[in-house]
Amino acid sequence: MRTRTLTLAAASGAALLATAVLPTSVSGAAAPKSAQEGTVSAADLLAKVTSCSQISNGKYKTDDETSATVPVCGKNGAVFWKADMDIDCDGQVTGKCNGDTDPWFQDDTAFHQSDGKPLRADSLPYVVVPSASSIWKYSSSGIKGGGVVAVIYHNKVEYAVVGDTGPTKIIGEASYATANALGIDPDPETGGADSGVTYILFKNSQVSPIESHSAAVSLGQPLAKQFIQSN
């Protein structure tokens, strides 16, 4: 679970509304293929998030030293925000994610694999949501661990899961694997994207098991199509 206050961007300079569960036996151990994933285009998704109906009680910072400018917005079947991307390398210790590669490394994530182990940031695309606070409580919006997220950057779509929680006042963070698939430098210390990342979180969705990326894609595509039809 993320608790750091220093942020990576500073180092870089930078009606499927009901609960949806898709069981699978895929382990999710392999790194995801490079986005674009699926048949729903980034342009079609972005066309539905041009305006914001703010549901958060205030706005978030993208980094510890910036001002609060990012609201959480509500749409039919989803919430979304537009922010930067800091790199979360927390969870299982691997060659790419460990205390040597990431000064802020923690060997746990807020949500765990089906075997009880933390998630693996270098192979599983996941997104970090702000911990519950007076600004916004993600669970009150139908967002849960393992929920599906469409992450959009430079006209690419990557499906991820809600995998970790972060600071209560900062937004815009995803796993090493999410960044890597989108062509963003995944280095936990110096990588990330300063802006231009859109996160669309589908309400009441849940991938099972959470560690299966293929399940996230299979569930994400129809949710994305439904989102476009409903907004």
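# Close-ups of a predicted model

Read from one end of the sequence to the other, the chain runs α-β-α-β-β-β-β-β-β-α-β-β-α. This is a predicted model, and the legends below walk through it one view at a time.

**View 1. The whole chain, with 4 helices and 9 strands.** Start here to get your bearings. Of the 231 residues in the chain, 54% are buried. The accessible surface comes to about 9100 Å², and carbon and sulfur atoms account for 49% of that surface. As for confidence, the average pLDDT is 88, with 85% of the residues scoring at least 70. Take residues 1–32 with some care: the pLDDT there is below 50, although this stretch has 105 contacts in the model beyond near neighbours in sequence.

**View 2. Strand E8 and its partners E3 and E5.** Strand E8 covers residues 193–202, and 7 of its 10 residues are buried, so call it mostly covered. Strand E3 (residues 78–88) pairs with E8 in the antiparallel sense, over 7 bridges. To find one spot along that pairing, look for Met85, whose bridge partner in E8 is Ala193. Strand E5 (residues 148–153) pairs with E8 too, again antiparallel, with 4 bridges. Here you can pick out Val149, which stands opposite Leu201 of E8.

**View 3. Rings meeting rings, with 3 aromatic pairs in the count.** In the pair formed by Trp81 and Tyr199, the ring centres are 5.9 Å apart and the planes sit at 35°, so this pair is tilted. Trp81 belongs to strand E3 and Tyr199 to strand E8, so the pair links distant parts of the chain, 118 residues apart. Both Trp81 and Tyr199 are buried. Another pair brings together Phe202 and Phe227, with ring centres 6.1 Å apart and planes at 75°, so this one is edge-to-face. Phe202 lies in strand E8 and Phe227 in helix H4 (residues 213–230), so the pair ties together parts that are 25 residues apart in sequence. Phe202 and Phe227 are buried as well. Finally, look for the cluster that ring pairs make out of Trp81, Trp136 and Tyr199.

**View 4. The 1 salt bridge in the structure.** Side chains of opposite charge can pair when their charged atoms come close. In this view, the side chains of Asp122 and Arg120 do the pairing, with 2.7 Å from N to O. How covered are the two residues? Asp122 counts as buried because its relative accessibility is 10%, while Arg120 counts as partly exposed because its value is 32%.

**View 5. Ala83 and the residues it touches.** Ala83 sits in strand E3. With a relative accessibility of 7%, Ala83 counts as buried. Leaving out residues up to four places away in sequence, Ala83 touches Thr62, Val70, Ile171, Gly172, Ser195, Gly196, Val197 and Tyr199. For a sense of scale, Ala83 and Pro71 are 12 residues apart in sequence, and their C-alpha atoms are 9.4 Å apart in space.

**View 6. Thr62, a buried residue in a loop.** You'll find Thr62 in the loop between helix H2 (42–46) and strand E2 (73–75). Its relative accessible area is 14%, so Thr62 counts as buried. Once residues up to four places away in sequence are set aside, Thr62 touches Val70, Ala83, Asp84, Asp86, Ile170 and Ile171. Now look across to Lys169: 107 residues separate Thr62 from Lys169 in sequence, yet the two are 8.5 Å apart in space, C-alpha to C-alpha.

**View 7. Backbone details in the loops, starting with a cis peptide bond.** The cis bond joins Ser208 and Pro209, and its omega is about 0°. Pro209 is in the loop between strand E9 (205–207) and H4. Next comes Asn155, which isn't a glycine but has a positive phi, near 65°. Asn155 lies in the loop between E5 and strand E6 (156–166), and it's exposed, with a relative accessible area of 59%. Asn204 also isn't a glycine, and its phi is positive at about 55°. Asn204 sits in the loop between E8 and E9. With a relative accessible area of 24%, Asn204 is partly exposed.

Methods: Residues numbered from 1 in each chain as written. Predicted model: local features only at pLDDT ≥ 70, side-chain atom pairs only at ≥ 80, totals over all residues. Heavy atoms only, no water. Buried < 20%, exposed > 50% of the residue type's maximum accessible area, 1.4 Å probe, protein only. Helix = DSSP H or I, 4+ residues; strand = E, 2+ residues; numbered from the N terminus. Pairing = 2+ DSSP bridges. Phe/Tyr/Trp six-rings, centres within 6.5 Å; stacked < 30°, edge-to-face > 60°. Salt bridge = Lys/Arg side-chain N within 4 Å of Asp/Glu carboxyl O. Contact = heavy atoms within 4.5 Å. Areas by Shrake-Rupley, 256 points an atom, 1.4 Å probe, with all protein chains shown as cover. pLDDT = per-residue confidence, 0-100.
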